[in-house]
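I set out to record what could be looked up in this structure, beginning with charged pairs and then turning to helix packing.

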Amino acid sequence: MADVTRERGLRKLTHLTQLMVWGDRQPITRTPADLGLDAEDVSFTATDGIDLRGWFVPSGAPAGPAVVFVHGWLWNRTGNAAGRVPFVDRDVDFLPATKALHDAGIHVLLFDLSNHGESGKRPPLTMGRWEARDFNGAVHYLRGRHDVDPDRIGALGTSAGANTVMYAIPGGPPVKALLAVQPTRLPVFNRNFARDVLGPLGPAAAASTDLVYVFLRAPLPSRHDPAIPARELGDTVVQYVQGTGDPWGEMGIVEGFSSVTPRSLGVLRYPSTGRYEGYQYVSKEADDVAAFFTAHL
């Protein structure tokens with residue numbers, strides 16, 4: 001594979017635009033078996049019929065609680081494998097938290113969102129609004145299993161995955177608890193990301209992607225605001241997490257989401273030196289992840 005981290009100029013801009021609109025498919029290179037966990041290969045459909053693939057990791061508890069992991073932009077069901085994109089990223093591993101939840105008696109569903117991993121296509125990426133159909137399909141799947149308590153389902157979402165769950169809950173089946181790691185408003189993220197990765201002219205290039213979404217008849221990035229569904233999260237207990245050193249997201253935005261969320265526990269300010277280091281809360285603080293769901297499911 002070519003070293004995409006060395007891309008420059010027009011080639012880099014073109015590649016980033018492609019990734020923002022159509023995404024990428026990271027190969028599945030790890031499995032729960034790597035941590036000694038049994039897992040079932042599962043498939044189900046989004047609420048609009050898109051085929052979705054993943055793993056169900058049973059805890060052994062009869063009719064027990066379950067947590068759905070919802071990954072971020074360009075990732076897959078196991079998290080992120082660094083070095084496949086034309087910007088600096090880091091590994092993010094969902095499997096340690098999966099094991100911690102399993103050991104706490106909580107089932108786990110890891111799955112690939114549409115346009116990612118081994119799941120079906122629904123272009124373009126909308127960073128939560130259309131992907132909400134994927135999450136609600138996952139919850140419907142869990143509610144149909146005899147070994148899952150339908151009233152004790154939670155979600156862990158990272159970045160676009162956190163946005164996805166926030167957009168999904170108001171119109172979907174009930175979700176008892178959400179751990180939302182670095183959700184964001186897409187216009188702000190795109191502006192900050194583009195300036196950091198492309199330079200001073202980057203924000204103008206990022207804003208121009210609205211034209212692509214008009215052509216594709218998809219929700220416009222400039223109108224993306226999870227604060228709107230956050231007001232309608234109802235009885236879902238939400239713990240927000242935001243890295244303190246995130247150059248692309250903003251603490252104030254996440255604090256704003258928290259302020260309008262009916263049952264927010266506030267924002268956990270996680271020490272970080274970059275956006276991906278903030279995501280590593282899920283990898284490095286697996287016991288805290290398990291403790292949150294144990295307390296609220």
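**Entry 1: a pair across two segments.** I note at the outset that the model is predicted. I began with Arg191, which is partly exposed at 34% relative accessibility. Glu250 is likewise listed as partly exposed, at 32%. I then looked up how the two side chains meet: Arg191 and Glu250 form a salt bridge, 3.6 Å from N to O. Arg191 belongs to helix α5 (residues 186–198), while Glu250 sits in the loop between β9 (237–243) and α9 (251–260), so this pair ties together parts that are 59 residues apart in sequence.

**Entry 2: a buried pair.** I next examined Arg275 and Asp246, whose closest N and O atoms are 2.5 Å apart in a salt bridge. Arg275 is in helix α10 (residues 275–279) and Asp246 is in the loop between β9 and α9, so the pair ties together parts 29 residues apart in sequence. I checked accessibility as well: both Arg275 and Asp246 are buried.

**Entry 3: network and count.** I found Asp48, Arg122, Arg133 and Asp134 joined into one network by salt bridges that share partners. For the whole model I recorded 15 salt bridges. One of them links Arg145 to Asp147, with the closest N and O atoms 2.9 Å apart. Are these two residues buried or exposed? Arg145 counts as buried at 15% relative accessibility, and Asp147 is buried at 12%. Both values fall under the 20% cut-off, which is why I entered the two residues as buried.

**Entry 4: helix α3 on its own.** I moved to α3, which has twelve residues. From its first C-alpha to its last, α3 reaches 17 Å, close to the 16 Å expected at 1.5 Å a residue. I asked myself how many of the residues of α3 are buried. The helix is mostly covered, with nine of its twelve residues buried. I listed the buried residues as Ala132, Asp134, Phe135, Asn136, Gly137, Ala138, Val139, Tyr141 and Leu142. Asp134, a buried residue of α3, is also a member of the salt-bridge network in Entry 3. Among the elements that cover the buried residues of α3 are the strands β1 (40–45), β2 (51–57), β3 (64–70), β6 (107–111) and β7 (148–158), together with helix α4.

**Entry 5: α3 against α4.** I looked up the packing of α3 (residues 132–143) with α4 (residues 160–168): the angle is about 75° and the axes are 8 Å apart. That makes α3 roughly perpendicular to α4. On the α3 side I noted Ala132, Phe135 and Asn136, which meet Thr164, Val165, Tyr167 and Ala168 in α4. By class, I recorded five nonpolar residues, two polar residues and no charged residues in this contact.

**Entry 6: Ala162.** I closed with Ala162, which is placed in helix α4. What is its relative accessible area? The value for Ala162 is 0%, so the residue is entered as buried. Leaving aside residues up to four places away in sequence, I found that Ala162 touches Gly157, Ala180, Val181 and Pro183. I also noted the separation of Ala162 from Thr184: they are 22 residues apart in sequence and 8.5 Å apart in space, C-alpha to C-alpha.

Methods. Residues are numbered from 1 along each chain as its sequence is written. This is a predicted model: local features need pLDDT of at least 70, side-chain atom pairs count only at pLDDT 80 or more; totals for chains, interfaces and linings use all residues. Side-chain values use heavy atoms; hydrogens and water are left out. A salt bridge is a side-chain nitrogen of Lys or Arg within 4 Å of a carboxyl oxygen of Asp or Glu. Buried means under 20% relative accessible area, exposed over 50%, partly exposed in between (1.4 Å probe, protein chains only). Helices (H or I, at least four residues) and strands (E, at least two) are DSSP runs, numbered from the N terminus. Axes are lines fitted to C-alpha atoms, for helices over the stretch in contact, and angles run from 0 to 180 degrees between N-to-C directions. Angles under 35 degrees count as roughly parallel, over 145 as roughly antiparallel, 65 to 115 as roughly perpendicular and the rest as oblique. Contact means heavy atoms within 4.5 Å. Ala, Val, Leu, Ile, Met, Phe, Trp, Tyr, Cys and Pro count as nonpolar, Asp, Glu, Lys and Arg as charged, and the others, Gly among them, as polar. The expected span of a helix is 1.5 Å times one less than its number of residues.
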